[in-house]
Amino acid sequence: MKSLLERDNPLYGRIDLKINLQPMDYYESAQFYPERSCEDKVRLFSVFGGIPYYNRLIDKNASVRENLIHLILEPDARLEDEVPSYLLSEISKIGNAHEIFSALADGHARYRDILAQSHVSSGATLVNVLNRLIGMQLVQRRSPINDPSNKKRTSYVICDGLSKFYYRYVFRYLSQRSVLDPEVFYDRYVNDDFETQFVPRAFEEVCRQYLVRQNRTGNIEPPFDLIGTYSYDDPVTRTNGEFDVVTRDPLGYAFYEAKFRSTPVTQRMIENEVEQAQQTGLMCHRYGFFSRSGFEAQADEHTVLIELEDLYR
C-alpha cells in the first residue's frame, strides 16, 4: 500500500486522506473478550495483539489453551498459515529474514546476539534486513531513553504477537508438530515457556501501554515525555543491563517493574528492586510496581502499587 504513494506511482499527490492505521492497544483489544479474567486478557493479547481479525476469531466459550490450539496449532487451523503467507508475500525477496525472526522470537534483542544466533553472513546484511523489517513495521528498534545514541545498547523486537508466537513455537518445532497431536504438542513445547517467558514479556508491553493511556488522560503527575528502557552499568557486580519500563518527566525518572507471577509481590521484593535500581545510580522520584497476583506491601509517597485489575478499569 505504501508503494501507491511513492513519487513514480500515478496516484502520487492525488491522495486526499492518508491514515496509518495502527493495531489496537491492550485495553481496546480486551473489548473483544470482556468476559475473560484479567489474566486471560493478558494471555490473549500476548498472541493476538490488537488486530481485529485475529481477535474476532477467539471462541469465548473455549479456554486460552483451546483457542491457541484450535486457531494456530491444529492442522488447517484458521491462522496456521497467516504468518507464513503474509511474510512470504512481503519479505520473499529479503534473504535471511526467517533466521532473523527466529532469533528475535527466542529473545535475542541486541544486534550482536541477533548476528550470532541468525548466522547471517555479515553485519551489513543484518543491518539492511533489520532496516527493511522496521520500515515494514514488523520489527521495532528500541533505544534506552538515557543513552539513545548508543548503538550497542539498542534492541530489536518483533511488533506482532502472532508472528512472535509462530516463530517461537511453530517454526522452531515444525518437525515435532508434524508428528504430534496438537494438544500433546502444546503441553510439551508451548505451555511452560508460554506461561513463564512469553506472557510475562508481553505483560511488560501491556504495562507500558497502560502508562501511556494514563499519561494522555492526565492521570500521571507530572506527565512524562519519554518512556522506554534504561541502560545501566552496575559498579558493584561489574555488569551492565537495562530496566524495561522507565519514564522521564520534569522531576526526573520513574521506575516501573512488571511482575506476572502467581504469588503476591512482597514488601521485601519491592525493597530489593528499589535497592538494585539505586545501586546502579538510577535515582527516581517514583517507583511503580505492577502485579498479577496483588501485593503483600504498602504504598507510600514514592511507591505506587498497581494491581492487574486496575489496568482494565
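Met 1, Leu 4, Leu 11 and Ile 15 form a nonpolar surface patch of about 390 Å². Such patches comprise residues with over 30% relative accessible area and no salt bridge (a side-chain nitrogen of Lys or Arg within 4 Å of a carboxyl oxygen of Asp or Glu), nonpolar side chains (Val, Leu, Ile, Met, Phe, Trp, Tyr) being joined within 5 Å and like charges within 9 Å. Areas were computed by the Shrake-Rupley method with a 1.4 Å probe, and for residues only the protein chains shown count as cover. The model is predicted: local features need pLDDT of at least 70 and side-chain atom pairs pLDDT 80 or more, whereas totals for chains, interfaces and linings use all residues. Residues are numbered from 1 along each chain as its sequence is written, and side-chain values use heavy atoms, without hydrogens and water.

Met 1 precedes helix 1 (26–29); helices are DSSP runs of H or I with at least four residues, numbered from the N terminus. Met 1 is exposed, at 79% relative accessible area, while Leu 57 is buried, at 14% (buried, under 20%; exposed, over 50%; partly exposed, in between). Their C-alpha atoms are 25 Å apart, with a sequence separation of 56 residues. Leu 57 sits in the loop between helix 3 (52–56) and helix 4 (64–73). Beyond four places in sequence, Leu 57 contacts Asn 67, Leu 71, Arg 78 and Leu 79 (heavy atoms within 4.5 Å).

The largest nonpolar core (buried Ala, Val, Leu, Ile, Met, Phe, Trp, Tyr and Cys residues joined through side-chain atoms within 4.5 Å) has 67 residues. Helix 11 (182–216) contributes the most to this core, with eleven residues. A separate core of 17 residues includes Tyr 232 and Cys 284.

Technical notes. Buried < 20%, exposed > 50% of the residue type's maximum accessible area, 1.4 Å probe, protein only. Helix = DSSP H or I, 4+ residues; strand = E, 2+ residues; numbered from the N terminus.
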